[in-house]
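Student: I am new to this structure. Please take me through one part of it closely, the place where the domains meet.

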Amino acid sequence: MTTLKQLHTPQQHALGATILAWAEQLGTLSEDKHGLTCTYLTATHRATAVQLMQWMREAGMHAHIDAVGNVVGRFLSTDPQARTLITGSHYDTVRNGGKYDGRQGILTAIAVVKHMNDKGMALPFHLEVIAFAEEEGVRFQSTFLGSSAVIGQFDPALLDLQDRDGVVLRDVLAEAGQDLSSIDAIARDPSDLLGYVELHIEQGPVLLEKGLPVGIVTSIAGSRRFQVALTGVASHAGTTPMAMRKDAATAAAEVLLYVEQRCNEDPSSSLVGTVGQLQVPHGSVNVVPGACHFSLDIRAGNDPARDAAVADILAKIETVCQSRNIECTIEPILEAGCAPCAPWLMAQLSSAVERAGLPPFELASGAGHDAMLMARATDVAMLFTRCGNGGISHNPLETLSVDDADVAARILLDFLRHFKPRPARAATRGARAANPANAAPREYTE
Ligand SMILES: [Zn+2]
């Protein structure tokens, strides 16, 4: 009997093996002895950039590091007038992160370009591979620095940000030899762009559960976040009768269970709700909680589904507080619209997935990605790759199999070789860029 494994030729497997070997090699560059940490513009980060640039050059690209640390490789078309398709992802990591988050998308693109270059293949458009310098927001608490510069929305106020040691971003860039005055020049001309396609490890368990190596992203979820403060009356735990309490923590408990229940009601819309922070300030074992503070993060692949859930949850907080005589303040801290993927690009990715003999399964992205920012300048699509180990990510246990890395690479190669630009998009693109609904606040985090 022929197994799926035997159907792979050594040459096909070579892409996956190269990608994993490169990820392993990059993983040895770390700020911490144990685990992988690569935060913005540290010595580790800069060494990672140099390594990526070298691999891009060896793959046949013109490569440079731009003024904010993005590593940019261009695989040029024989037609100098051709427009540009961008692919890529980020190379910074969270503290003690995984080897594939972000990097898989960069390394796959480099491996695919190297393959085309070695075979003497050319594309009828320029292909740009961008390794974004900063997406996670770890060092300076501000996400998407790299992609914001590429779309011409780098906020100069960010240059005054300090890391936890008081080191100022402006000084770090200067010390790295970057020319601050050329940051504006990083901005791409949207009329030159054909689109942006990002490969990324899923960072969740959906593809693993489905038994599929890849999935096509429909939309990158937008997020609304709140800080909620409930105030009751702190009183003696032994002497305050149950019926006479104003317990802020039990009120919060009712709300938390409702968040879970409400978001469970609507699984089709990828709606998720999370209370990730929950405190009883100055709480004590023998005191009825007089205050309870919690965070709220509600996301969905479409904004109306998310907003309906938010409205219900805020109404529930009011009801619970009224019935329990609790005061509450609700502070909105973030509202970021979702970034839908472009149907015409998704269709071309679907065709490539089908040509690989796989069903074109679609899923929403609950995490933020560079594609979210790129969507403000051009049409975007994403291909997710199965995340092993139960879908764990932002963790050293994150895994990617050589087979899955290889399948994703072959799909990207096939997609590029069949890619057809969408004609006459300039007018629509201008409208998108000007639409404030497409503007997500920069503090949005994964
Ligand atoms: Zn990532």
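Tutor: Start with the polar contacts. In this predicted model, three residue pairs are in polar contact across the interface of domain 1 and domain 2, with both residues at pLDDT 80 or more. On the side of domain 1 that touches domain 2, the residues divide into three nonpolar, three polar and no charged. Salt bridges between domain 1 and domain 2 number zero.

Now place the two partners on the chain. Domain 1 comes in two stretches, 4-220 and 338-438. Domain 2 covers 223-336. Their centres, taken over C-alpha atoms, are 37 Å apart. Domain 1 brings six residues to the contact, and domain 2 brings seven.

Next comes area. The size of an interface is often given as the accessible area lost when the parts come together. Here, domain 1 and domain 2 bury about 420 Å² between them. Carbon and sulfur atoms give 50% of that area. On the domain 1 side, look for Cys-338, Ala-364 and Gly-366. These residues supply 76% of the area that domain 1 buries against domain 2, more than any other three residues.

One further feature deserves a look: the aromatic rings. A search of the whole structure gives six aromatic pairs. Take Trp-22 and Trp-55: their ring centres are 5.0 Å apart and their planes lie at 20 degrees, so this pair is stacked. Trp-22 sits in helix α2 (residues 10-27), and Trp-55 sits in helix α3 (residues 43-58). The pair links distant parts of the chain, 33 residues apart.

Definitions and conventions
Residues numbered from 1 in each chain as written. Predicted model: local features only at pLDDT ≥ 70, side-chain atom pairs only at ≥ 80, totals over all residues. Heavy atoms only, no water. Domains from an automatic or database assignment. Contact = heavy atoms within 4.5 Å. Buried area = accessible area lost by both parts, 1.4 Å probe. Salt bridge = Lys/Arg side-chain N within 4 Å of Asp/Glu carboxyl O. Polar contact = N/O pair within 3.5 Å; in protein donor to acceptor, adjacent residues only side chain to side chain. Nonpolar A, V, L, I, M, F, W, Y, C, P; charged D, E, K, R; others polar. Phe/Tyr/Trp six-rings, centres within 6.5 Å; stacked < 30°, edge-to-face > 60°. Helix = DSSP H or I, 4+ residues; strand = E, 2+ residues; numbered from the N terminus.
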